[in-house]
Amino acid sequence: MDTWQADNVVLNSYGNRIPGTAIISEKDADLIIKIFEKGRSENNHALAGGLQTVIAFEHPQTENIIGSYLRRVHQRDAEIFFIWLSDNGQASKDLIKTIVLKHTVRFYLSFEIERILVSVLKHYDVELVFEYLVRRFNYKKQLVIETKSLMGYDFVPPAEHSNLFEEEPAKNLQMFELALNWYIELDADGGHLFYAKDMLSYIQPQQVITNEVYAIYDRLIEKFNDNLSSLARIADSLSIFHSKDSKLVALVIKIFDLVIYLKDQDIDLLRHTRYALYDAITSMGVKTGIPGQPFQVDIELRDLLTREITQLPDYFESKQFLKEILKNLNNQIDQISDHDNETW
C-alpha cells in the first residue's frame, strides 16, 4: 500500500540507525530517495532522519537531494534535519559546509542550525562564514523591501551574544573587525542600517570593550579620521557595548574631537554623530533595581563620567560634551530618587 504513513515507518526505521555502525547499501539509499521524490509533506519530518542514510552512503546526488529537501520544508523540519546531521559522523566537512552555506539562508539562524555553523567555522576561513551572514542580511533586506515590515525574519539570533565562537574563540576578533568594516561601508538607505547593527551585536566578543577591540576601533578611527560619514557609522556601532568603562569613553572622545572639525561636510550628519556618541555612553541593557531608587548602572556611569571629566583639559570641547551627558544623567537619577516626593 502506497501511503505516507507506510513510508514514515520505513523512514523512521532508517533514521533510528546510527550512521557508521550499520552497513548502508545502494538499495537502502535508493529506497529513501524514492520516498523523497514522492514529495509528500507528511514525510518531511521523518525524512530529516531518513536522509542521513543517503548522506552516509555518499550517494552522488546527495547535495542536490538535500538542497531540494531544504527548499521545500518548514523551519522546524529543517531544525530536526540539522539535529540529525550534527550527530551524523559520516557526513564530510565539505558536504556540511555546502549544505549550511548554500541552503539555509531562508531559515532563522536557530540554535540547531547555528550549532552546525560552528563546525563550519572550525574547519574553514572566517571570511567564508561572514559572507554567509552577509547573504542572510541581504535576504532580510529584500524581505523588508517587499513586505514593508521588519518582522518575520531574523537574519541572526535575537541575542546579545553569539554561540558561534564556542570552539574557535580566536576567530571572534577577526570576524568582528570584518563586521565593523562592513557596517561602516554598508549602503543602507531606507532604514536598513537599523537592523544591520544586529550583525555587530551577534558577533561582538564581549559587552565591554577589551584592549583588542579598542585597538580595532583605534585603527578604524585613524583610517577614517577625515570622513564624517564613516566616523558617524563608527559612533553608531559603539552603542552595542552596554558595559561602560574608560576605554569606551576614550573612543567617544577621539571621535568627538575629530568630527567637530568636519561640520562643513554635513551639518545634519554632525548632529546625528553627536547623538550617536551620546547614545554610545548612555545605552544600556535591561535595567533592574529597587523601586524608588536609582539604578546601580546609572550610579556607576555617573561615577565613571565624573572621573573622566576631571582628567580632561578645560580646552577640550569633548569635556563640555561629557558634562552635558552627566547633567542629563544626574537629572534622571534625581527624578527617580524624588519620585515618592512627586517633585518631578
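This is a short walk through the structure, with something to select at each stop.

Before you click, know that the model is predicted, so to speak of local features here takes pLDDT of at least 70, and side-chain atom pairs count only at pLDDT 80 or more, while totals for chains, interfaces and linings use all residues. Residues are numbered from 1 along each chain as its sequence is written, and side-chain values use heavy atoms, with hydrogens and water left out.

**Stop 1: L277**

Select L277 and you land in helix α14, residues 267-282. Helices here are DSSP runs (H or I, at least four residues; strands are E, at least two), numbered from the N terminus. Is L277 buried or exposed? Its relative accessibility is 0%, so L277 counts as buried. The cut-offs, using a 1.4 Å probe and protein chains only, are under 20% relative accessible area for buried, over 50% for exposed, and partly exposed in between.

Now show what surrounds it. Setting aside neighbours within four places in sequence, L277 is in contact with A235, V252, I255, F256 and F321; contact means heavy atoms within 4.5 Å. Add D236 to the view too: D236 and L277 are 41 residues apart in sequence, yet their C-alpha atoms are 7.2 Å apart in space.

**Stop 2: R274 and E324**

Stay on helix α14 and pick R274, then E324. Their side chains meet in a salt bridge, 2.5 Å from N to O. This pair links distant parts of the chain, with R274 in helix α14 and E324 in helix α16 (residues 317-337), 50 residues apart. A salt bridge here is a side-chain nitrogen of Lys or Arg within 4 Å of a carboxyl oxygen of Asp or Glu. R274 counts as partly exposed at 33% relative accessibility, and E324 is partly exposed at 33% as well.

**Stop 3: more salt bridges**

How many salt bridges does the rule give? The count comes to 15.

For one of them, select K254 and D218, whose side chains meet at 3.3 Å, N to O. K254 lies in helix α13 (residues 246-259) and D218 in helix α11 (residues 211-223), so this pair ties together parts that are 36 residues apart in sequence. K254 is partly exposed at 32%, and D218 is partly exposed at 30%.

Then try K122 and E167, a salt bridge with its closest N and O atoms 3.5 Å apart. Here K122 sits in helix α7 and E167 in the loop between α8 and α9, so the pair ties together parts 45 residues apart in sequence. K122 is partly exposed at 40% relative accessibility, and E167 is partly exposed with a relative accessible area of 44%.

To see a network of salt bridges, select D2, D7, K38 and R40, which are linked in one.

**Stop 4: a pocket by α7**

Rolling a probe the size of a water molecule over the atoms shows where empty space is left. Go to the second largest pocket, which holds about 160 Å³ of space. Which residues are closest to its centre? Of the 13 that line it, they are S86, R115, I116, V118 and S119.

A pocket is an open set of points, on a 1 Å grid over the protein atoms alone, where a 1.4 Å probe fits, with protein on both sides within 12 Å along at least five of seven lines; lining residues have an atom within 4 Å of a point. Grid points are joined across faces, edges and corners, and the volume is the space filled by probe spheres set on them.

Colour α5 (75-87) and α7 (111-123), since each supplies at least two residues of this lining. α7 gives the most, with six residues. By class, the lining has five nonpolar, four polar and four charged residues. Ala, Val, Leu, Ile, Met, Phe, Trp, Tyr, Cys and Pro count as nonpolar, Asp, Glu, Lys and Arg as charged, and the others, Gly among them, as polar.

**Stop 5: the loop between α8 and α9**

Select P157, in the loop between α8 (126-147) and α9 (170-185). P157 is buried, with a relative accessible area of 18%. Not counting residues up to four places away in sequence, P157 touches L109, E114 and Y202. P157 and E114 are 43 residues apart in sequence and 9.0 Å apart in space, C-alpha to C-alpha.

K148 lies in the loop between α8 and α9 too, but K148 counts as exposed at 71% relative accessibility. Check its backbone: K148 has a positive phi of about 60 degrees although it is not a glycine. Most residues other than glycine have a negative phi.

**Stop 6: E58**

Finish at E58, in the loop between α3 (44-57) and α4 (62-72). The phi of E58 is positive, near 60 degrees, in a residue other than glycine. E58 is exposed, with a relative accessible area of 62%.
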